[in-house]
Amino acid sequence: MIWLHCGGPDDVATTLSLAARVLLEDANLDVLITADPDTLPLLQDAPDRALTEPVPPDSPTRAREFLDKWMPSSLVWIGGTLRPSLLRSADRTGIKAILINARINGILGSGARWLPRAAKNAVQPFASILTAD
């Protein structure tokens with residue numbers, strides 16, 4: 001299963017396009033798209049074979065429950081704010097992750113600019129990072 005996380009309304013078109021391409025490329029793959037509850041309704045045009053689900057709260061327990069349920073092999077995090085507990089849990093389970101449409105305000109959430117090494121720690125789970133600007 002390929003897990004796509006849509007970070008917000010600005011990332012919906014990218015997420016839907018990527019989901020369609022992944023499913024077209026391999027008929028045997030499953031795609032899970034997650035997003036915040038406010039963004040989820042904007043994903044109503046997701047391909048038929050793509051599943052949509054609210055992103056879990058950012059806690060170790062909820063992250064483990066989510067990952068145990070869906071068992072994704074790869075993650076493409078598309079913009080938005082990073083969720084450290086969820087991403088660390090994904091990294092610990094060996095999920096290959098990339099970050100696309102990365103923006104500094106998503107990497108450093110509110111207040112994180114005052115924490116040393118916050119940006120480095122936030123992006124550590126990703127094998128590759130593609131910036132939006």
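1. Two strands are taken to pair if DSSP finds at least two bridges between them. On that basis β1 and β2 are partners, since five bridges join them, and the two strands run parallel. One position in this pairing is His 5, which stands opposite Thr 34 in β2. The model under discussion is a predicted one, and the points below should be read accordingly.

2. Overall composition. The protein chain contains five helices and six strands. In sequence order these elements follow the pattern β-α-β-β-α-β-α-β-α-α-β. The chain has 133 residues, of which 45% count as buried. Among contacts in the chain with a separation of 6 or more, 61% are between residues 24 or more positions apart.

3. The sheet. Six strands make up an open sheet, ordered β3-β2-β1-β4-β5-β6, with parallel pairing. At the edges are β3 (50–54) and β6 (128–131), each of which pairs on one side only. From one strand to the next the twist averages 20°. Strands of a sheet pair through backbone hydrogen bonds, either parallel or antiparallel.

4. Pairing of β2 with β3. Strand β2 (residues 31–35) pairs with β3 over five bridges, again in the parallel sense. Thr 34 has Glu 53 as its bridge partner in β3. Thr 34 is also the residue in β2 that His 5 stands opposite.

5. Strand β1. Five of the five residues of β1 are buried, and the strand is mostly covered. Ile 2, Leu 4 and Cys 6 are buried on one side, while Trp 3 and His 5 are buried on the other. Besides its pairing with β2, β1 (residues 2–6) is joined to β4 by five bridges, and these strands run parallel. Two of the partnerships can be named: Ile 2 with Ser 74, and Trp 3 with Leu 75.

6. Strand β4. Why is β4 described as largely enclosed by the rest of the structure? Five of the five residues in this strand (residues 74–78) are buried, so the remainder of the structure largely encloses it. Burial applies to both faces: Ser 74, Val 76 and Ile 78 lie on one side, and Leu 75 and Trp 77 on the other. In addition to its bridges with β1, β4 is joined to strand β5 (residues 96–102) by five bridges in a parallel arrangement.

7. Ser 74. This residue of β4 deserves separate mention. Ser 74 has a relative accessible area of 19% and is therefore buried, the cut-off for that class being under 20%. Its bridge partner in β5 is Lys 96, and Ile 2 of β1 is partnered with Ser 74 as well. Leaving out residues up to four places away in sequence, Ser 74 touches Met 1, Ile 2, Trp 3, Ile 95 and Lys 96.

8. Crossovers. β1, α1 and β2 form a β-α-β unit that is right-handed. A right-handed unit is likewise made by β4, helix α3 (residues 84–92) and β5. After α3 comes Gly 94, which has a positive phi, near 85°.

9. Helices against the sheet. Which strands does α2 lie across? Helix α2 lies across β1, β2 and β3, and runs at about 165° to β3.

10. Packing of α2 and α3. Two packed helices are described by the angle between their axes and the distance between the axes. For helix α2 (residues 60–70) and α3, the angle is about 50° and the axes are 8 Å apart. The two helices are therefore oblique to each other, and their crossing is right-handed. Pro 60, Ala 63, Phe 66 and Leu 67 of α2 make the contact with Ser 85, Leu 86, Ser 89 and Ala 90 of α3. In α3, the buried residues include Ser 85, Leu 86, Leu 87, Ser 89 and Ala 90.

11. Arg 62. Is Arg 62 of helix α2 buried or partly exposed? With a relative accessible area of 40%, Arg 62 is partly exposed, because that class covers values between 20% and 50%. Arg 62 is in contact with Pro 56 and Pro 57, once its neighbours within four places in sequence are left aside. Arg 62 and Ser 85 are 23 residues apart in sequence, and their C-alpha atoms are 9.1 Å apart in space.

Technical notes:
Residues numbered from 1 in each chain as written. Predicted model: local features only at pLDDT ≥ 70, side-chain atom pairs only at ≥ 80, totals over all residues. Heavy atoms only, no water. Buried < 20%, exposed > 50% of the residue type's maximum accessible area, 1.4 Å probe, protein only. Helix = DSSP H or I, 4+ residues; strand = E, 2+ residues; numbered from the N terminus. Right-handed = clockwise from strand over helix to strand, strands pointing away. Axes fitted to C-alpha atoms, helices over the stretch in contact; angles between N-to-C directions. Parallel < 35°, antiparallel > 145°, perpendicular 65-115°, else oblique. Left-handed = near helix turned anticlockwise from the far one by under 90°. Contact = heavy atoms within 4.5 Å.
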